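Here's a quick briefing to go with the model below. Have the viewer open as you read, and we'll take it topic by topic.

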Amino acid sequence: MGRPGLRALGAALALLAFPLTAPAAETQVQAEESRSLLWAGFDVGYASLARSYSVTDGTRDNKFTFALRGGFQLDPRLLLGVEFGGWTIQSANNQDPATGEAIGTRFLILQVYPLAHSAFFVRGGGGRVVYSNNRPGESGASGPGGIVGIGYDFAVKRRDGEHVAFYVTPSLDYSAGSFSGTTSPPGVVQDQHYRALSARIGLTFR
């Protein structure tokens, strides 16, 4: 085959290859553009909550826990965000404003996926913890606290062929914090420390 024939064959192969390579490149660009910069999640669970006091004896209870999470996806394997959560110790009653006791958290968190090709994650953070108490003669306070935990994202619904939109996220978290100058029981002003081991399950969007 002469040079003109070789050039014609090369041109034909290039034309055949273009429809195959162009969509692949376009798909890759679309996948990169479809990656969300934001993430959010909601968790519920059960916790072992231990509290110690500077004056009275300590307590240990099993309580329901919840958390709202969200923030920015700095990288698919690095999430920065905030978490608002806590534990209800005594449920509030709209017909009785003198009821209600809870610990609430306001944490800045970092969630890292350390293993390549794995949805296992480690998270940690810290911030403020707020103790609220509506009972007569008692009062709350706030102080520092923190959280560490592990979990896994199980894919539920895919946004497209490559990127997952929703995950079911079980996690195990340990949180600790303290409050100074709480009044509980009535007339007793003391410092309070808490430790909570929480098993949670939630829905995460990325």
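**Aromatic residues, strands and a buried valine**

Y194 counts as buried because its relative accessibility is 1%, and the cut-off for buried is under 20%. Keep in mind that this is a predicted model. Y194 turns up again below, both in a ring pair with W87 and among the contacts of V129.

**Aromatic pairs**

- The count of aromatic pairs comes to seven.
- One of them is W87 with Y194, a tilted pair with 5.3 Å from centre to centre and 55 degrees between the planes.
- That pair ties together distant parts of the chain: W87 sits in strand β3 and Y194 in strand β9 (residues 189-205), 107 residues apart.
- W87 is buried too, since its relative accessibility of 5% falls under the 20% cut-off.
- Then there's Y152 with F154: the ring centres are 4.7 Å apart and the planes meet at 45 degrees, so this pair is tilted.
- Are Y152 and F154 buried or exposed? Neither, as it turns out: Y152 is partly exposed at 32% relative accessible area, and F154 is partly exposed at 44%.
- Which residues do ring pairs link into a cluster with W87? The cluster takes in W87, Y131, F179 and Y194.

**Around V129**

- V129 is part of strand β5, which spans residues 120-133.
- With a relative accessible area of 0%, V129 is buried, because the cut-off is under 20%.
- Leaving aside residues up to four places away in sequence, V129 touches residues including I103, G104, T105 and A141, and also F179 and Y194.
- The contacts of V129 also include S142, G143, P144, G145 and G177.
- S178 is 49 residues from V129 in sequence, yet their C-alpha atoms are 7.5 Å apart in space.

**Strands β1 to β3**

- Strand β1 (residues 38-53) runs antiparallel to strand β2 (residues 59-75), and 14 bridges join them.
- Five residues make up the hairpin connection from β1 to β2.
- If you want a spot to look at in this pairing, G41 stands opposite R69 in β2.
- β2 also runs antiparallel to strand β3 (residues 78-90), with ten bridges between them.
- The hairpin formed by β2 and β3 has two residues between the strands.
- Here, A67 stands opposite G85 in β3.
- β3 is also the strand that holds W87, the partner of Y194 in the ring pair above.

Note on methods. Residues are numbered from 1 along each chain as its sequence is written. This is a predicted model: local features need pLDDT of at least 70, side-chain atom pairs count only at pLDDT 80 or more; totals for chains, interfaces and linings use all residues. Side-chain values use heavy atoms; hydrogens and water are left out. Helices (H or I, at least four residues) and strands (E, at least two) are DSSP runs, numbered from the N terminus. Buried means under 20% relative accessible area, exposed over 50%, partly exposed in between (1.4 Å probe, protein chains only). Contact means heavy atoms within 4.5 Å. Two strands pair if DSSP finds at least two bridges between them. Rings of Phe, Tyr and Trp (its six-membered ring) pair if their centres lie within 6.5 Å; planes under 30 degrees apart count as stacked, over 60 as edge-to-face and the rest as tilted.
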